[in-house]
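The following exercises ask the reader to work through burial, contacts, strand pairing and ligand surroundings in one structure. Each task is followed by a solution in steps.

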Amino acid sequence: MDKIFESLQGGLIVSCQALEGEPLFGSEIMAKLARAAKLGGAVGIRANTPVDIAAIKAEVPELPLFGLWKVVVPGFDEVYITPRLREAVAVAEAGAEIIAIDATLRPHPEGTTAELIQAIKHTTGRLVLADIDNEAAALAAIEAGADAISTTLSGYTPDSPQFPGPDLELVARLAARKLPVPLFAEGRIHSPEDARAALDAGAFAVIVGGAITRPAQITERFARALR
Ligand SMILES: CC(=O)N[C@H](C=O)[C@@H](O)[C@H](O)[C@H](O)COP(=O)(O)O
């Protein structure tokens, strides 16, 4: 296993993302969130866009960074997490050690998912994290050479179950297969208990976003509980 992944085992990776239009949008703020995450014990960061990645790398250079770039390519609107080689190259150049991509089996703008994984590895030499929605996508990504798997997209595609909590069943099913690469649990992990349950289900490490870094989402859950 790559040394970078060894440093993440059993730990918490915090996704620091805000899209344009969200109150916390801006690289400076994302860098501060990453610093706060480090203070709280995060072992890695996940971030969107080359500018945010560069700002976070400058702020917490010691934390491995999972980089992605959400871009909508006309005709392929649903595949928006690092959909093409050019976005992956920009993410690598910005300083991410690991490049996260949409590794679902849906049509991609530049050939198959497997071809994208291979092109990114060949061109950037970086590790590739395959964001998958189900078991078939995970197995295909590993076959294509992905260095790690994350359950990021379960719940967001027609080929995955839709429910409000994390897909720990998918984590458990993948863990039972004893995959040759690290398995990250990600998506709608809303509490420390969810995170613990993901590790207990067999995840290698856990990636949490909104429950830590999207205050509007956190507030909404509290407000809803009071209604
Ligand atoms: C589906 C999709 O686009 N997921 C994105 C992937 O980078 C992010 O918007 C999520 O915040 C991230 O996956 C972490 O998940 P959660 O915020 O649920 O803890």
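**Exercise 1. Establish which residues Glu186 contacts, leaving aside its neighbours within four places in sequence, and whether Glu186 is buried or exposed.**

Step 1. Two residues are in contact if their C-beta atoms, placed from the backbone, lie within 7 Å. Leaving aside its neighbours within four places in sequence, Glu186 contacts Ser150, Thr151, Thr152 and Ile207.

Step 2. The model is predicted: local features need pLDDT of at least 70, side-chain atom pairs count only at pLDDT 80 or more, and totals for chains, interfaces and linings use all residues. Residues are numbered from 1 along each chain as its sequence is written.

Step 3. Glu186 belongs to strand E7 (residues 183–186). Helices (H or I, at least four residues) and strands (E, at least two) are DSSP runs, numbered from the N terminus.

Step 4. A residue is buried if 20 or more other C-beta atoms lie within 10 Å of its own, exposed if 12 or fewer, and partly exposed in between, with C-beta atoms placed from the backbone. Glu186 is buried because it has 29 C-beta neighbours inside 10 Å.

Step 5. As a distance check, the C-alpha atoms of Glu186 and Ile117 are separated by 20 Å, and the two residues are 69 apart along the chain.

**Exercise 2. Compare the settings of two loop residues, Ala42 and Gly111.**

Step 1. Ala42 sits in the loop between helix H2 (27–40) and strand E2 (44–48). Gly111 occupies the loop between strand E4 (98–102) and helix H5 (113–124).

Step 2. Ala42 counts as buried because it has 24 C-beta neighbours inside 10 Å. Gly111 has 13 other C-beta atoms within 10 Å and is therefore partly exposed.

Step 3. Apart from neighbours within four places in sequence, the contacts of Ala42 are Leu12, Ile13, Val14, Ala37 and Leu63.

Step 4. Gly111 and Gly95, 16 residues apart in sequence, lie 26 Å apart in space, C-alpha to C-alpha. For Ala42 and Lys121, 79 residues apart along the chain, the C-alpha separation is 26 Å.

**Exercise 3. Determine how strand E1 is covered and in which sense it pairs with E2 and E8.**

Step 1. In strand E1 (residues 12–16), five of the five residues are buried. Leu12, Val14 and Cys16 point one way, Ile13 and Ser15 the other way, and all are buried.

Step 2. Two strands pair if DSSP finds at least two bridges between them. E1 pairs with E8 in the parallel sense over three bridges, and Val14 has Val208 in E8 as its bridge partner.

Step 3. E1 and E2 also pair in the parallel sense, over four bridges. Here Ile13 is partnered by Gly44, and Ser15 stands opposite Arg46.

Step 4. E2 has five of its five residues buried. Gly44, Arg46 and Asn48 point one way from E2, while Ile45 and Ala47 point the other way.

Step 5. Helix H3 (residues 50–59) has Pro50, Asp52, Ile53, Ala55, Ile56 and Lys57 buried. The buried residues of H3 pack against E1, H2, E2, strand E3 (65–68) and helix H4 (85–94).

**Exercise 4. Describe the largest nonpolar core and the contacts of Ile149.**

Step 1. A nonpolar core is a set of buried Ala, Val, Leu, Ile, Met, Phe, Trp, Tyr and Cys residues joined through C-beta atoms within 7 Å. The largest has 71 residues, and those with the most contacts inside it are Ile45, Ile56, Ile99, Ala130, Ile149 and Val206.

Step 2. Not counting residues up to four places away in sequence, Ile149 touches ten residues' worth of partners listed here by name: Ala130, Ile132, Ala138, Ala141, Ile142, Leu174, Leu179, Val181, Leu183 and Phe184.Step 3. In soluble globular proteins, nonpolar side chains tend to be buried together.

**Exercise 5. Identify the residues closest to the ligand and the elements that contribute to its shell.**

Step 1. A residue is near a molecule if its C-beta atom, placed from the backbone, lies within 6 Å of it. The ligand is surrounded by 16 residues, of which the closest are Ser15, Tyr156, Arg188, Gly209 and Gly210.

Step 2. Strand E8 (205–208) and helix H9 (210–213) are the elements that give two or more residues to this shell.
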